[in-house]
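Student: Hi, could you go through this structure with me? I'd like to start with one of the helices and then jump around a bit.
Tutor: Happy to. Let's bring it up.

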Amino acid sequence: MNAPATTLAGAIPALIEMPFEGSPQAAELIAALQDFLLGELAELARRHGIDHEHAPDKVLLRRVWQRSHALGFYGMTLPEAMGGRKLSVLDQVLIKEAIYATGSSFAPHVLGELSGPPRIGALVRKATPWQMQQFITPVARAEKAICFALTEASAGSDAGALQTHATLDGEHYVLNGRKRFISGSPFADFAVLMASTAPEGAAEREISAFFVDLHAPGVEVVSGYKTMAGQSHTGDIVLSKARVPTAQLIGEPGRGLALALGRITVNRLLHCPAMLGLAQVALRDARDYALERRQFGRSIAQFQAIQHMLADMATQWAAARALMLQTARAIDAGIDARAQAAMSKLFCSEAAFGIADRAVQIHGGEGIVQGRRVELLFRMLRMYRVLTGTSEIQRNTIAKELLATPGSLAA
């Protein structure tokens, strides 16, 4: 039985009252997570001067990971055998949306999205017992952090064009290359790293996956740049004759790209609740500012131009959210929802950015001042139109699925 229509924890008033569609377990987790984020972690952020533009260091992040693990949140998306909660995709979407809707600077870290269990859950079936002990279990316990390293200067949307090469040399592979824009790498201990194991001069790229110790000789993380949102969560991984034991090859040689793309449908969808949670913050801030700001003797919320912007923002948010939830239900039903996930990522990213853009407009001069939350949200939500596949790549996927199998989207 679904939970009744409710705002759940009550800490964040609902923008528009809707029935809660997740499980009772998800409702309980959301209430507990909101208390954690808006209570204990909010106080931690105040004490250490942490906000979206002043990132916590690794020592502080490790405290957050370990505290989240102790409370039973950190590994909730893992398989049950590893302490996970057996959550449906719908539950995961609702939980993640609620986390980001708090506006907390720790939202990307409380479940370890950049560097924790969500990065390793899909690897459990491929990892050897030694790899489980050496790499998977320490991450699951919040003892170590891990990142996913695929992107390079010449390999983004065209993942098969990567140039990082791994040459077999006895019981080791020798890796050379540079990974670019790797989320979570500045505070990671390990990387799941993609490299070509094809012979030199081969016509086709044979992409293989490796566990790489980021503290090993020949491996360096370079993180001297920030994204447009002011975050320092990304960096480059430079490999110079790094010797990686053959025991750290994940699965079979040449199966790395399949491993990387195996959960792309779910991963694309799981970006959507972050966008819509942040868009909810922007919409709430715009509404509250419109009610408080007075011009010509009355609040600007009484002007029809402002009312129409707010109405459009709320409608776009509700429509994007409905598409996201429908896609989650489709995946839970066993449907191959590649097109639907691409639609969700496309529509949610464009809608969320549009909401942030109007929020800035409603704030007027205040909205373009750095330090205002809506100005930061504008920059953050602009990035989502690029991350995990640009809007153009999503359109390619949708068209390919639509044209390949007539009638398939009606499933």
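Student: What covers the buried residues of H10?
Tutor: The cover includes helix H7 (272-292) and helix H9 (338-363). One note before we go on: this is a predicted model.

Student: Okay. How many residues of H10 are buried?
Tutor: Eight of the eleven, counting over residues 373-383, so helix H10 is largely enclosed by the rest of the structure.

Student: Which ones are they?
Tutor: The buried residues in H10 are Val374, Glu375, Leu376, Leu377, Arg379, Met380, Leu381 and Met383.

Student: And where is Ile368?
Tutor: Ile368 sits in the loop between H9 and H10. Its relative accessible area is 64%, so Ile368 is exposed.

Student: What does Ile368 touch?
Tutor: Leaving aside residues up to four places away in sequence, Ile368 touches Val360 and Glu375. Glu375 is one of the buried residues of H10. As for Ile30, it is 338 residues from Ile368 along the chain, and their C-alpha atoms are separated by 32 Å.

Student: Moving past H10, where does Thr388 lie?
Tutor: Thr388 is in the loop between H10 and helix H11 (391-404). Thr388 has a relative accessible area of 32%, so it counts as partly exposed.

Student: What does Thr388 touch?
Tutor: Its contacts are Arg268, His271, Lys345 and Gln394, again without residues up to four places away in sequence. There's also a long-range pair here: Thr388 and Asn267 are 121 residues apart along the chain, and 8.3 Å separates their C-alpha atoms.

Student: Change of topic: how many disulfides does a search of the whole structure find?
Tutor: Zero. Take Cys272: the nearest cysteine sulfur, that of Cys348, is 3.9 Å away, and Cys272 is in no disulfide. A disulfide would need the two sulfur atoms within 2.5 Å, so this pair does not count.

Student: Are those two cysteines buried or exposed?
Tutor: Cys272 counts as buried because its relative accessibility is 0%. Cys348 is also at 0%, so it counts as buried too.

Student: Now the backbone. Which phi value does Ala142 have?
Tutor: Ala142 has a positive phi of about 65°, although it is not a glycine. Most residues other than glycine have a negative phi. Ala142 lies in the loop between helix H4 (129-140) and strand E1 (146-149), and with 0% relative accessibility it counts as buried.

Student: And what about phi of Lys241?
Tutor: That one is near 55°, again a positive value in a residue other than glycine. Lys241 belongs to strand E7 (residues 234-245). Lys241 is exposed, with a relative accessible area of 65%.

Student: Let's zoom out. How many helices and strands are there in the protein chain?
Tutor: Eleven helices and ten strands. The C-alpha trace spans about 80 × 55 × 45 Å along its principal axes.

Student: How does the radius of gyration look next to that of a compact globule?
Tutor: The chain has 22 Å, and a compact globule with 411 residues would have a value near 22 Å, so the two agree. Of the 411 residues, 50% count as buried.

Student: What share of the contacts comes from residues 24 or more positions apart?
Tutor: Such residues account for 72% of the contacts with a separation of 6 or more.

Student: And what does the surface look like, in terms of area and charge?
Tutor: The chain exposes about 18,500 Å², with carbon and sulfur atoms supplying 53% of it. There are 41 positive and 38 negative side chains, and the centres of those two sets lie 2 Å apart.

Student: Last one: where is Ala318, and how far is it from Glu200?
Tutor: Ala318 is in helix H8 (residues 304-332). Ala318 and Glu200 are 52 Å apart, C-alpha to C-alpha, with their positions 118 residues apart in sequence. Ala318 counts as partly exposed, at 24% relative accessibility.

How values were computed. Residues numbered from 1 in each chain as written. Predicted model: local features only at pLDDT ≥ 70, side-chain atom pairs only at ≥ 80, totals over all residues. Heavy atoms only, no water. Buried < 20%, exposed > 50% of the residue type's maximum accessible area, 1.4 Å probe, protein only. Helix = DSSP H or I, 4+ residues; strand = E, 2+ residues; numbered from the N terminus. Rg over C-alpha atoms; globule rule 2.2 N^0.38 Å. Contact = heavy atoms within 4.5 Å. Areas by Shrake-Rupley, 256 points an atom, 1.4 Å probe, with all protein chains shown as cover. Lys, Arg positive; Asp, Glu negative; His and termini not counted. Charge placed at Lys NZ, Arg CZ, Asp CG, Glu CD.
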